[in-house]
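Visitor: I have a model in front of me and would like to learn how to read it. Where do we start?

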Amino acid sequence: MIITTTSNVEGYVIQEYVGLVFGEVIAGVNFLTDIGAGFRNFFGGRSKGYEDELIGARNEAINEMATRAAQLGANAIVGCKMDYEVLGEGGTMLMVTVSGTAVRIA
């Protein structure tokens with residue numbers, strides 16, 4: 001599955017627009033990650049725990065979107081967009097959404 005943020009795939013012709021597809025993931029940040037991030041916030045530096053959570057959630061959302069596109073018979077997704085939100089009391093949940101247009105290319 002080719003996934004791109006552009007409106008076309010260079011070297012290919014879009015034969016059919018199949019439809020919009022989405023992938024959504026809401027992930028909770030565990031207690032230990034939260035404690036580690038608190039120390040990073042106080043002393044400075046990057047929070048590896050939060051970065052890993054974000055990367056994992058993003059990859060899951062992209063995979064979910066690709067699976068839905070494949071179920072529609074698409075072999076590519078164009079115009080992909082991503083959005084990130086923090087949810088829950090105290091911002092303990094991370095929501096990642098991706099969307100794009102499922103297409104058939106040749």
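**Reading strands and salt bridges**

Guide: Start with one residue pair: isoleucine 2 stands opposite alanine 76 in β3. Keep in mind that this is a predicted model.

Visitor: What is the bridge partner of isoleucine 3 in β3?

Guide: Isoleucine 3 has isoleucine 77 as its bridge partner there. Two bridges join β1 to strand β3, which covers residues 76-87. These two strands run parallel.

Visitor: In which sense do β3 and β4 pair, and over how many bridges?

Guide: Their pairing is antiparallel, over ten bridges. For one facing pair, look at tyrosine 84, which stands opposite valine 96 in β4. The hairpin of β3 and β4 has five residues between the strands. Glycine 88 in this hairpin takes a positive phi near 85°.

Visitor: In what order do the four strands form the sheet?

Guide: The order is β1-β3-β4-β2. The sheet is open, and its pairing is mixed. β1 (2-3) and β2 stand at the edges, each with a single partner strand, so one side of each has no neighbour in the sheet.

Visitor: Now the charged side chains. What is the general idea?

Guide: Side chains of opposite charge can pair when their charged atoms come close. The cut-off for a salt bridge is a side-chain nitrogen of Lys or Arg within 4 Å of a carboxyl oxygen of Asp or Glu.

Visitor: How many salt bridges does the structure hold?

Guide: Three. Take arginine 104 and glutamate 16: their side chains meet in a salt bridge, at 2.1 Å from N to O. Arginine 104 lies in strand β4 (residues 93-105) and glutamate 16 in strand β2 (residues 14-28), so the pair ties together parts 88 residues apart in sequence.

Visitor: How do I read the accessibility of those two residues?

Guide: Use the cut-offs: buried is under 20% relative accessible area, exposed is over 50%, and partly exposed lies in between. Arginine 104 has a relative accessible area of 27%, so this residue is partly exposed. Glutamate 16, at 38%, also counts as partly exposed.

Visitor: Which residue forms a salt bridge with arginine 68, its closest N and O atoms being 3.0 Å apart?

Guide: That partner is glutamate 24. Arginine 68 lies in helix α2 (residues 48-71) and glutamate 24 in strand β2, so this pair ties together parts 44 residues apart in sequence. Arginine 68 is partly exposed at 33% relative accessibility. Glutamate 24 is partly exposed too, with a relative accessible area of 36%.

Visitor: Where are arginine 68 and glutamate 64 relative to each other in helix α2?

Guide: They are four residues apart in helix α2, which means a separation of about one helical turn. Their side chains meet in a salt bridge, at 3.2 Å from N to O. Glutamate 64 counts as partly exposed, at 26% relative accessibility.

Visitor: Which residues are linked in a network of salt bridges?

Guide: Glu24, Glu64 and Arg68.

Visitor: One last feature. How do I compare distance in sequence with distance in space?

Guide: Try asparagine 63, whose place is in helix α2. Asparagine 63 and phenylalanine 22 are 41 residues apart in sequence. In space, their C-alpha atoms are 10.0 Å apart. Asparagine 63 is partly exposed, at 48% relative accessibility.

Conventions
Residues numbered from 1 in each chain as written. Predicted model: local features only at pLDDT ≥ 70, side-chain atom pairs only at ≥ 80, totals over all residues. Heavy atoms only, no water. Buried < 20%, exposed > 50% of the residue type's maximum accessible area, 1.4 Å probe, protein only. Pairing = 2+ DSSP bridges.
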